[in-house]
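Dear colleague,

I am passing on the structure we spoke about, and below it I have written down what was found in it. Please keep it open beside the text as you read.

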Amino acid sequence: MDDVEVVVVGAGVAGLRCAGLLQAAGRSVLVLEAGDGVGGRIRTDRVDGFLLDRGFQVANPAYNALRAAVDVAALEVQPFPAGARVLADDGAHTVADPARAFRLAGASALTALPRPAELWALGKWAAPLLTGMRKEHGLARHLLQARPDTSLRVSLDKVGAHGLLRATLERYLAGVVLEDEGETSAAFALLLMRSFARGRPGLPRAGMQALPDAMAAPLAGRIRFGEKVEHVEEIDGRARVWTVGSTITTDRVVVATDAWSAESLLGRARLVAPEPKGLVTDWYAVDEAPETTGLLHLDVRQDRGPAVNACVVSAAAPSYAPAGRHLVQATSLLPAGAEPAPESDVRRHAAAMLGGSEAGLTLLRRDVVPHALPVQPAPLHFRARQRVDEVTLVCGDHRDTASTQGALVSGARAARAVLASFASLGEFA
Ligand SMILES: Cc1cc2nc3c(=O)[nH]c(=O)nc-3n(C[C@H](O)[C@H](O)[C@H](O)COP(=O)(O)OP(=O)(O)OC[C@H]3O[C@@H](n4cnc5c(N)ncnc54)[C@H](O)[C@@H]3O)c2cc1C
């Protein structure tokens, strides 16, 4: 294997994107993956006939890096309806555009009509998105130029956002950025809102794993599983890669692991990982669906339970449950160092949000994911440096935006930098 030109460490979507582009450019690539399959944080298992992702997550066809990496149509994404069902102190509301809300909730949708002042404030908050609407690339830069980036909470305070719309937005985003203190970059939140508005996020027919599987297909025979890389070093202008049982010498190495593994592999002198944010997803089987819209359910009451969102997954994505049964998920946040909320509390809360009886929810699996995402505070730093030394690069969602899109962009960027270094056309990233 010493004739391999590039070793990629990690078969998450960043590593797969990098390896795929290098192979397509005619370079010999070997991917070393510690686990037993591709996908990293994007994995799906079949349990009792249900498809369970390892933590509730969605694929967003609006991510341009996703469209560049796979044939999105072939994933057969089953979309969630846009909008949310919100439990507030004055009752339950369907928050969506008025036509859709009426279709989903009938006359009761009218109770959630936002006041003009609420709409105006959120319009001001989102204004930089409107001025950059036509940009397919460079939107993040545009947002940072349009106004200094602050935390989400400060940015909403500044425009005077309040009421049900703000509470809904914050709760919705908390389930995406995995924190509810509002500390995430407002520019990142705007980027996310734009991608939700442009796409119909959903679940591939074969589960989220279909995404990395599609990317891995052209790399058949070039991925080795159960190969935990323990050490990477530059020696005489080449890279030496140590796993438990072997040593490989190669021209370039791309460390495409999660941030925390990259830090322990390369050492803190070479890479400092951002703080992690975690989540817990409880997956339940039900015989009778408590509701049939597939809408995401949120709770913005003062006194609420631990779930940041819940939904009947199979109402939107029927392939996730066997015929005659239904799949429910409830996700709660897991800040660094915290203990997961008791499952019984999550179950009670999910039943309160979705309607239906707590006893009807049969736990299929609890996924506890302490390292789901790196923090993404203000000011937003995207396109972080990837070069470690003359022969080593690092890529992954911690080098770009904390998302599938960010991981894919980072993987592609690393591939381009490797190719440029081979061609001596430019600098390493
Ligand atoms: C539950 C959950 C929900 C999410 N929801 C969304 C969502 O809805 N939308 C969105 O855009 N993003 C979401 N994300 C984030 C998204 O999944 C990640 O940003 C993305 O998958 C990161 O990909 P990556 O390739 O950078 O890293 P990873 O997926 O972490 O891949 C790294 C790979 O490196 C391997 N590895 C680690 N150490 C070593 C080693 N020493 N040797 C060899 N291999 C090693 C790992 O086993 C892994 O396969 C979610 C994440 C989680 C966990």
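Pro379 sits in the loop between strand 18 and strand 19, and the peptide bond that joins Ala378 to Pro379 is cis, with an omega of about -10°. Please bear in mind throughout that this is a predicted model. Strand 19, which covers residues 392–394, includes Thr392, a residue that is buried with a relative accessible area of 0%. The side chain of Thr392 is joined to the side chain of Asp389 by a polar contact of 2.8 Å.

Two further backbone features are worth finding on the screen. Glu76, although it is not a glycine, has a positive phi of about 50°, and its place is in the loop between helix 3 (72–75) and strand 5 (77–79). Leu178 is not a glycine either and has a positive phi of about 65°; this residue lies in the loop between helix 8 (163–177) and helix 9. As for their surroundings, Glu76 counts as partly exposed at 43% relative accessibility, whereas Leu178 is buried, with a relative accessible area of 7%.

Next, the ligand. There are 35 residues around the ligand, and those that come nearest are Glu33, Arg41, Tyr63, Asp397 and Thr404. A polar side-chain atom of Asp397 is 2.7 Å from an oxygen atom of the ligand, while polar backbone atoms are also found beside ligand oxygen atoms, that of Ala14 at 3.0 Å and that of Val58 at 3.1 Å. Taken alone, the ligand would expose 1,000 Å², of which the protein buries 91%. The elements that contribute two or more residues to the shell around the ligand are helix 1 (13–24), strand 18 (362–374) and helix 14 (404–423), and strand 18 gives the most, with 3 residues.

Gln57 is a good residue to look at after this, and its place is in the loop between strand 4 (50–53) and helix 2 (64–69). Gln57 is buried, with a relative accessible area of 18%, and, if residues up to four places away in sequence are not counted, it touches Arg41, Ile42, Leu203 and Met208. Met208 shows how the fold brings together parts of the chain, for Gln57 and Met208 are 151 residues apart in sequence and yet 7.8 Å apart in space, C-alpha to C-alpha. The side chain of Gln57 reaches the backbone oxygen of Arg41 at 3.3 Å, and a polar atom of that side chain also lies 3.1 Å from the backbone oxygen of Gly55.

Glu291 can be described in a similar way. Its place is in the loop between strand 14 (276–286) and strand 15 (296–299), and Glu291 is buried, with a relative accessible area of 12%. Leaving aside residues up to four places away in sequence, Glu291 touches His297, Val312, Ala315 and Leu354; Ala315 is 24 residues from Glu291 in sequence and 8.0 Å from it in space, C-alpha to C-alpha. The side chain of Glu291 makes polar contacts with the side chain of Thr293 at 2.6 Å and with the side chain of His297 at 3.2 Å.

Which residues of helix 6 are buried? In this helix, which runs over residues 139–146, they are Leu139, Ala140, His142 and Leu143. Seen down the axis of helix 6, these buried residues fall within an arc of 160°, so they line one face of the helix. An α-helix has 3.6 residues a turn, so residues three or four places apart point the same way. What covers the buried residues of helix 6 includes helix 5 (116–131) and helix 9 (186–198).

Finally, the cysteines. How many disulfides does the structure hold? The number is 0, and Cys395 makes a useful example, because its sulfur is 5.1 Å from the closest cysteine sulfur, that of Cys18, which is too far for a bond, the cut-off for a disulfide being 2.5 Å. Cys395 is buried, with a relative accessible area of 0%, and Cys311 is likewise buried, with a relative accessible area of 0%.

With best wishes

How values were computed:
Residues numbered from 1 in each chain as written. Predicted model: local features only at pLDDT ≥ 70, side-chain atom pairs only at ≥ 80, totals over all residues. Heavy atoms only, no water. Buried < 20%, exposed > 50% of the residue type's maximum accessible area, 1.4 Å probe, protein only. Helix = DSSP H or I, 4+ residues; strand = E, 2+ residues; numbered from the N terminus. Contact = heavy atoms within 4.5 Å. Polar contact = N/O pair within 3.5 Å; in protein donor to acceptor, adjacent residues only side chain to side chain. Arc of directions from axis to C-beta. Near = heavy atom within 4 Å. Areas by Shrake-Rupley, 256 points an atom, 1.4 Å probe, with all protein chains shown as cover.
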